[in-house]
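Trainee: Could we go through this model together? I would like to understand how the chain is arranged.
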Amino acid sequence: MSRLRVALIASARFPISEPFAGGLEAHTWWLAHALRRRGHHVELFAAPGSDPALGARELPVRRTVLSEAARSDVSMPSGWWMAEHHAYLGLMLDLARDGEHRFDVVHNNSLHYLPVAMASALRVPVVTTLHTPPTPWLESAIKAQDLCPVTFTAVSRFTAGAWRPTVPAARVVRNGIDTDFWKPGPGGGDLVWSGRLVAEKGPHLAIEAARAAGVPLRLAGPVSDRAYFEDRVEPLLGGDVRYVGHLDRRGLVALLGSASAALVTPSWDEPYGLVVAEALACGTPVCGFDRGALSEILTPDCGLLAPPGDVDALAELIPRAMKLDRRDARRRAEQFCSLDHTADAYTSLYGEVAR
């Protein structure tokens, strides 16, 4: 395929740099590198502080200085909302001016509504990846147009199904991981839980299940909700349960590779589950709740799923999951979760819409 010029729009809220704030930022970082390795020109528009190696152009997220009269309007949105809004507005106006001379395709990998709402102002095709269940702003931006000119992808069949009433034909392109980087480890150690420490990811449920099973647990990830962490997670730490911090990629590879099994305990319908793919690539079987897209990734030889929220059932599955063959876990990652598959699918789609 010929060299493509790709504008990759990322989050304005969290930098695309290590340690990653979440799966969306990690996915964007890996995708940018994979596309560049294939010889494509990628210009990443991302939050300040993003990885300099990506040559990112910072989205101009500036705190708006408002007059006293404007601040007294109690109906106005938050200052951060306005700063983010104007950052994406500035980007889209810039692309509307001459984007077709600089890019063959715009890939919106953010969760913001303006790249969709303003796509019709651009003379370059726009692809948007649906990373979450339907959100009010994004859904309304699609419905506000008689014919939305955006080509949509979704990160799983589950997510595509959730969006189907609004986006009937989203193409499924699953988030992938670099299986050359996420290498198998020896296993045999403690259970591990990784991800953002927020209520929707349910780390407190993982602790309860691990304790009920009598197996030590280590947790890793950013404390994205300090109040939740202090109220629901921190009181459960100690003894056989340790929080090891917010690790970079290499630290996570070592942690996952040493674990006997990975717990994945969403309290919401998980749109994809990048932590599942990372664990499998490290040869670590997964034990979790059957919510969202997890059942699309896991097969019985590499992971076991309990009914959503059923801690006792999850605890009963943990000893069985620890005995699953690590080679089967790794094989599943290579066959189903490969970054090469993701990058191939996107480059094919880019070429299709650019034509």
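Mentor: Let us fix one term at the outset: buried means under 20% relative accessible area, exposed means over 50%, and partly exposed lies in between, with a 1.4 Å probe and protein chains only. The model is predicted, so local features need pLDDT of at least 70, side-chain atom pairs count only at pLDDT 80 or more, and totals for chains, interfaces and linings use all residues. Residues are numbered from 1 along each chain as its sequence is written, and side-chain values use heavy atoms, with hydrogens and water left out.

Trainee: Is Cys302 buried or exposed?
Mentor: Cys302 is buried, because its relative accessible area is 0%. Cys148 also counts as buried, at 18% relative accessibility.

Trainee: Why is Cys302 not bonded to Cys337?
Mentor: The closest cysteine sulfur to that of Cys302 is in Cys337, and the 8.1 Å between them is too far for a bond. A disulfide is a pair of cysteine sulfur atoms within 2.5 Å. By this rule, the count is 0 disulfides.

Trainee: Turning to the sheet, what is the strand order?
Mentor: The order is β3-β2-β1-β4-β5-β6-β7, in an open sheet of 7 strands with parallel pairing. At the edges are β3 (57-58) and β7 (171-172), each of which pairs on one side only. Strands (E, at least two residues) and helices (H or I, at least four) are DSSP runs, numbered from the N terminus. Two strands pair if DSSP finds at least two bridges between them.

Trainee: And which strands does β5 pair with?
Mentor: Strand β4 (residues 105-108) pairs with β5 in the parallel sense over 3 bridges, and 4 bridges join β5 to β6 (residues 151-154), also running parallel. Thr128 of β5 is the bridge partner of Asn108, and Phe152 in β6 is the bridge partner of Thr128. Together, β5, helix α5 (residues 136-143) and β6 form a right-handed β-α-β unit. Right-handed here means that, with the strands pointing away from the viewer, the path from the first strand over the helix to the second runs clockwise.

Trainee: Why is β5 described as largely enclosed?
Mentor: 5 of the 5 residues of β5 (residues 126-130) are buried, so the strand is largely enclosed by the rest of the structure. Val126, Thr128 and Leu130 point one way, while Val127 and Thr129 point the other way.

Trainee: What about the largest nonpolar core: which residues touch the most other members?
Mentor: Trp182, Val276, Leu280, Val286 and Tyr350 do, in a core of 55 residues. Helix α1 (residues 23-37) gives the largest share, 7 residues. Apart from this core lies another, of 33 residues, including Ala96 and Ile142. A nonpolar core is a set of buried Ala, Val, Leu, Ile, Met, Phe, Trp, Tyr and Cys residues joined through side-chain atoms within 4.5 Å.

Trainee: One more residue: where does Glu296 lie?
Mentor: Glu296 lies in helix α11 (residues 294-297) and counts as buried, at 10% relative accessibility. Its side chain reaches the backbone nitrogen of Arg157 at 3.0 Å. Beyond neighbours within four places in sequence, Glu296 is in contact (heavy atoms within 4.5 Å) with residues including Ser156, Arg174 and Phe336.

Trainee: Finally, which peptide bond is cis?
Mentor: The bond from Glu18 to Pro19 is cis, with omega near -15 degrees. Pro19 lies in the loop between β1 and α1. In general, most peptide bonds are trans.

Conventions:
A polar contact is a pair of N or O atoms within 3.5 Å; within protein, one must be able to donate a hydrogen and the other to accept it, and residues adjacent in sequence count only if both atoms are side-chain atoms.
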